[in-house]
Structure formats: structure tokens, C-alpha cells
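Trainee: Please take me through the ligand site in this model. I would like a close look at that one part, with the fold around it for context.

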Amino acid sequence: MTYDPNNIFAKIVRGEAPCFKVYEDAHTLAFMDIMPQAEGHTLVITKEGAESILDLSPEGAAALIKTTQKIAAAVKRVTNAPGILLAQLNGAAAGQTVFHIHFHVIPRTSGLDLKLHARETANFEQLKTLAAKIAAAVK
Ligand code: 5GP
């Protein structure tokens, strides 16, 4: 598939669509997933327009994992979750629904099931509050 520069995450990168931002640097951006699978579910994306890990430059991949590590630590600090799940889907067959490379950072607690993927939109006020807390916890 050819990269679609009008996918929702590309629009967020360009500031054409809103997001609850938690972090930004020259190469990456992190914001709340609006249909979280657990409270604190955050997405980390590259500013580079690439559909999947297979299309991303090595420099983009390095920046993405570096920011993902930073955000995973901040999400853990804020949610106090004992586990952090990182997920990264490549291609529709793998379940990818937004075709701009991203990592999911999802807090996990054993015995607490994840909500279904990209199904239920969260309360925006709660997302805004969480985004501010996670942003403040980024080191
Ligand atoms: P994928 O299925 O591609 O791995 O994950 C895409 C994720 O993006 C899903 O978890 C979905 O909830 C989230 N998502 C879809 N549309 C939007 C949006 O407009 N804004 C935000 N912040 N997240 C979105």
C-alpha cells in the first residue's frame, strides 16, 4: 500500500487534527489514544510519514523506540500499573487500522482484561487530564 499523507496521524503531525499531546520532539510525537484499551493508553508516532516498521528509516525507528521507552516510563509512573504492554501492528492482516507507524503503550494489571481495540471513545476531559499528568511525568 502507498503511504496516505491524509491519514489521521499525519493530520495530527501537521496540526490539522487535534490530539491530547503528552510529548513532542523533532522526530516523534506522543498523545492519548482516544479509544483506549486501558486507562493511560498512549500512542507514540514518528513525524516521518511511514506506514509501518517495514517502511520506516533506521533513524526514524531509533527515534521511535527511544521516545516509546520514555513514554512507557511516564505512563507507568502515572498509572502505577505493574506492567506495560508495547504493541505495534504492521498491515491490516496484523490488525493495523491507522496506516502511519505507531507504538501502543498500554498499562497492564494482571486480572484486568484489556478493552477491545479501537472500539469505545473515552471521555475527553479525562483524556485531557491524563495527558497533562503523563506529560508532567516525562523525564
Ligand atoms: P492500530 O490499529 O493502527 O494499531 O491502532 C490505531 C489506534 O489509533 C487505535 O488504538 C485507535 O483507537 C486509535 N485512533 C484512531 N483514530 C484516532 C484519532 O483520531 N485520534 C487518536 N488519538 N487515536 C485514534
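Mentor: Helices and strands here are DSSP runs, with at least four residues for a helix and at least two for a strand, numbered from the N terminus. Read that way, the protein chain runs α-β-β-β-α-β-β-α from its N terminus. That comes to 3 helices and 5 strands. Keep in mind that this is a predicted model.

Now the overall frame. The C-alpha atoms of the protein chain fill a box of roughly 40 × 30 × 25 Å along the principal axes. The radius of gyration is 14 Å, which agrees with a compact globule, because 139 residues in such a globule would give a value near 14 Å.

Next, the site itself. The ligand takes up the space of the largest pocket. Three elements each give two or more residues to the shell around the ligand. They are helix 1 (8–13), strand 2 (28–32) and strand 5 (102–108).

Look at who lines the shell. There are 17 residues around the ligand. Asp33, Thr97, Val98, His104 and His117 come nearest. By class, the shell has 10 nonpolar, 6 polar and 1 charged residues.

Then go to the polar contacts, where the cut-off is 3.5 Å between N or O atoms. Start with His117. A polar atom of the His117 side chain sits 2.5 Å from an oxygen atom of the ligand. His102 also uses its side chain: one of its polar atoms is 2.9 Å from a ligand oxygen. Gly95 works through its backbone instead, with a polar atom 3.3 Å from an oxygen atom of the ligand.

Finally, the cover. On its own, the ligand has 520 Å² of accessible area. The protein covers 92% of that.

Notes. Residues are numbered from 1 along each chain as its sequence is written. This is a predicted model: local features need pLDDT of at least 70, side-chain atom pairs count only at pLDDT 80 or more; totals for chains, interfaces and linings use all residues. Side-chain values use heavy atoms; hydrogens and water are left out. A residue is near a molecule or strand if one of its heavy atoms lies within 4 Å of it. A polar contact is a pair of N or O atoms within 3.5 Å; within protein, one must be able to donate a hydrogen and the other to accept it, and residues adjacent in sequence count only if both atoms are side-chain atoms. Accessible areas come from the Shrake-Rupley method with a 1.4 Å probe; for residues, only the protein chains shown count as cover. On a 1 Å grid over the protein atoms alone, a cavity is a set of points where a 1.4 Å probe fits but cannot get out, and a pocket is an open set with protein on both sides within 12 Å along at least five of seven lines; lining residues have an atom within 4 Å of a point. A molecule sits in a cavity or pocket if more than half of its atoms lie within 2 Å of its grid points. Ala, Val, Leu, Ile, Met, Phe, Trp, Tyr, Cys and Pro count as nonpolar, Asp, Glu, Lys and Arg as charged, and the others, Gly among them, as polar. The radius of gyration is taken over C-alpha atoms; the globule rule is 2.2 Å times the number of residues to the power 0.38.
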